[in-house]
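Please find below my notes on the structure you sent round, set out as numbered points for discussion.

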Amino acid sequence: MLRHTIDPVYDSHSEILILGSFPSVKSREQQFFYGHKQNRFWRVMARVLDCAVPEDITQKRDMLLSHHVALWDVIASCEITGSSDASIRNVRPNDLSQILSQADIRAIYANGSKAYQLYQKYIYPVNGREVKLLPSTSPANAGYSLERLVEAWSVILHD
């Protein structure tokens, strides 16, 4: 059983919450979200937010917070093989109540279908807050080019 050990990124000004499923092997090694160089999350967010692509954890955190974006994952602990969302079992969800009580979150988005499914199963019944599905930024989502991802993710600015 692996435990999620990366703290959520948010502050009292956060308005948008983006949730992944569970940190990849690379993210767990780096102790920050979307640590695999081939994951397109940081490039997509930089384009959507009209910023330079952040290069380190401080820049990544600052980019999100300066645009009122919170970031965390649905899963607090689970069994997982490598970084494969398909292998996730024995899920214990994260408790989002701290973020939701300390920030005025107006919209919640799931980065990919696994995060969306897990949110619907474990978190929605607890908090009743809708989540919107965005296409995964994972390199495994080869059907989406960077351009298509940026277009789809741009919804976070307008919802």
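The points below concern a predicted model, and they take up two helical regions and then a single strand residue.

1. Helix 6, which spans residues 146-153, has Leu 149, Val 150 and Trp 153 among its residues, and these three are buried. Because they cover an arc of only 100° around the axis, they lie on the same side of helix 6. The cover over the buried residues of helix 6 includes two elements from earlier in the chain, strand 2 (16-20) and helix 2 (41-49), together with strand 6 (107-111) and strand 7 (132-134).

2. Helix 2 also packs against helix 3 (residues 57-66), and the axes of the two helices come within 11 Å and cross at roughly 40°. That angle makes helix 2 oblique to helix 3, and the crossing in which helix 2 passes helix 3 is left-handed.

3. As to the residues that make this contact, helix 2 contributes Trp 42, Met 45, Ala 46 and Leu 49, while helix 3 contributes Lys 60, Met 63 and Leu 64. By class, the residues of the contact of helix 2 with helix 3 divide into six nonpolar, no polar and one charged.

4. Is Ser 77, a residue of strand 4 (residues 75-79), buried or exposed? Its relative accessible area is 4%, and because the cut-off for buried is under 20%, Ser 77 counts as buried. Leaving aside residues up to four places away in sequence, Ser 77 touches Met 1, Leu 2 and Arg 3, and also Phe 22, Asn 90, Val 91 and Arg 92.

How values were computed: Residues numbered from 1 in each chain as written. Predicted model: local features only at pLDDT ≥ 70, side-chain atom pairs only at ≥ 80, totals over all residues. Heavy atoms only, no water. Buried < 20%, exposed > 50% of the residue type's maximum accessible area, 1.4 Å probe, protein only. Helix = DSSP H or I, 4+ residues; strand = E, 2+ residues; numbered from the N terminus. Arc of directions from axis to C-beta. Contact = heavy atoms within 4.5 Å. Axes fitted to C-alpha atoms, helices over the stretch in contact; angles between N-to-C directions. Parallel < 35°, antiparallel > 145°, perpendicular 65-115°, else oblique. Left-handed = near helix turned anticlockwise from the far one by under 90°. Nonpolar A, V, L, I, M, F, W, Y, C, P; charged D, E, K, R; others polar.
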